[in-house]
Amino acid sequence: MRFGFDIDDTLINLREYAFQLYNEKLNKNVELTQFKALKTLEIHELFDMSKEEGGKMWNSLAEEIYYSSCPAFEGAVETLQELASEGHDIFYITARKSEHGERTKQWMIEKGFPVKDDHFYCGMKDHEKIETIKKLELDYYFDDKPAVLETLVGIPTKVYAIDNSYNREMTIPRLMNWSELKQIFSK
């Protein structure tokens, strides 16, 4: 089978990691419960920042957010390793800016994700992911972002939302944790 995966907040816990960094860098103590209840993808509002201020903060911490010790979601690495060892094709399709492509790929390899050079797509706008997913003729695709998931309605690929507070209102099949994946495609 052919599996496609977004990276940020699908395979790795990027927003929560950034949230913790914001607390540290801003010398704040915003509660994790507030983060987990957030209905938006952006986290700047929790720190009383405007969208512009939040963008500047994110960009100033991008190196640390993307390439330090951001953890994978529990079971994500092992699940993808198992899929790869069984001969399934694993594709990564991320909206991260293309200048982050090679470093992201290397970081993913260092974290233990099975990555092939020609199975890694980076630098697309959210709405452009659909063309890549169609072209690759994926059997399954997993993402967290409502703007992306909404563009994938009605395609032959089985699309799943990775459960996050900001996408819970979507009526789309969802994956609550990576240990559930085998159950999904064995049905």
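This section describes the fold, the nonpolar cores and a few individual residues of a predicted model of one protein chain.

The secondary structure of the chain consists of 8 helices and 6 strands. Read from the N terminus, these elements follow the order β-α-α-α-α-β-α-β-α-β-α-β-β-α. The radius of gyration is 16 Å, close to the 16 Å that the globule rule gives for 187 residues, so the chain is as compact as a globular protein of that length. Along the principal axes, the C-alpha atoms occupy a box of roughly 45 × 35 × 30 Å.

Buried positions account for 50% of the 187 residues. The accessible surface amounts to about 9,700 Å², and carbon and sulfur atoms contribute 48% of this area. When contacts between residues at least 6 apart in sequence are considered, 64% of them link residues at least 24 apart. The chain carries 24 positive and 34 negative charges, and the mean positions of these two sets lie 2 Å apart.

The largest nonpolar core contains 45 residues. Within this core, the residues that touch the most other members are Phe5, Leu11, Tyr92, Phe113, Phe142 and Trp178. The contacts of Tyr92, with neighbours within four places in sequence left aside, include Phe5, Ile7, Leu11 and Leu80. Tyr92 is also in contact with Met108, Phe113, Pro114, Val115, His119, Phe120 and Tyr121. A second core, separate from the largest one, is made up of 16 residues, among them Phe91, Leu152, Ile155 and Val159.

Phe91, a member of this second core, is located in strand E2, which spans residues 89–94. Its relative accessibility is 2%, and Phe91 therefore counts as buried, the cut-off being under 20%. Apart from residues up to four places away in sequence, Phe91 touches Arg2, Phe3, Gly4 and Phe5, as well as Asp118, His119, Tyr121, Leu136 and Leu138. Leu38 is 53 residues from Phe91 along the chain, and the C-alpha atoms of these two residues are separated by 29 Å.

Ala18 belongs to helix H1, which covers residues 14–25. This residue is buried, with a relative accessible area of 0%. With residues up to four places away in sequence not counted, Ala18 touches Ile43, Trp58 and Ile65. Trp58 is 40 residues from Ala18 along the chain, and their C-alpha atoms are 8.1 Å apart.

Two loop residues were examined for their backbone angles. Asn27 is placed in the loop between H1 and helix H2, the latter comprising residues 32–37. Phi of Asn27 is near 55°, a positive value in a residue other than glycine. Asn27 has a relative accessibility of 71% and therefore counts as exposed, for which the cut-off is over 50%. Glu137 lies in the loop that connects helix H6 (129–136) with strand E4 (140–143). For Glu137, which is likewise a residue other than glycine, phi is positive and near 50°. The relative accessibility of Glu137 is 61%, so Glu137 counts as exposed.

Technical notes. Residues are numbered from 1 along each chain as its sequence is written. This is a predicted model: local features need pLDDT of at least 70, side-chain atom pairs count only at pLDDT 80 or more; totals for chains, interfaces and linings use all residues. Side-chain values use heavy atoms; hydrogens and water are left out. Helices (H or I, at least four residues) and strands (E, at least two) are DSSP runs, numbered from the N terminus. The radius of gyration is taken over C-alpha atoms; the globule rule is 2.2 Å times the number of residues to the power 0.38. Buried means under 20% relative accessible area, exposed over 50%, partly exposed in between (1.4 Å probe, protein chains only). Contact means heavy atoms within 4.5 Å. Accessible areas come from the Shrake-Rupley method with a 1.4 Å probe; for residues, only the protein chains shown count as cover. Lys and Arg count as positive and Asp and Glu as negative; His and the chain ends are not counted. The place of a charge is taken as NZ of Lys, CZ of Arg, CG of Asp or CD of Glu. A nonpolar core is a set of buried Ala, Val, Leu, Ile, Met, Phe, Trp, Tyr and Cys residues joined through side-chain atoms within 4.5 Å.
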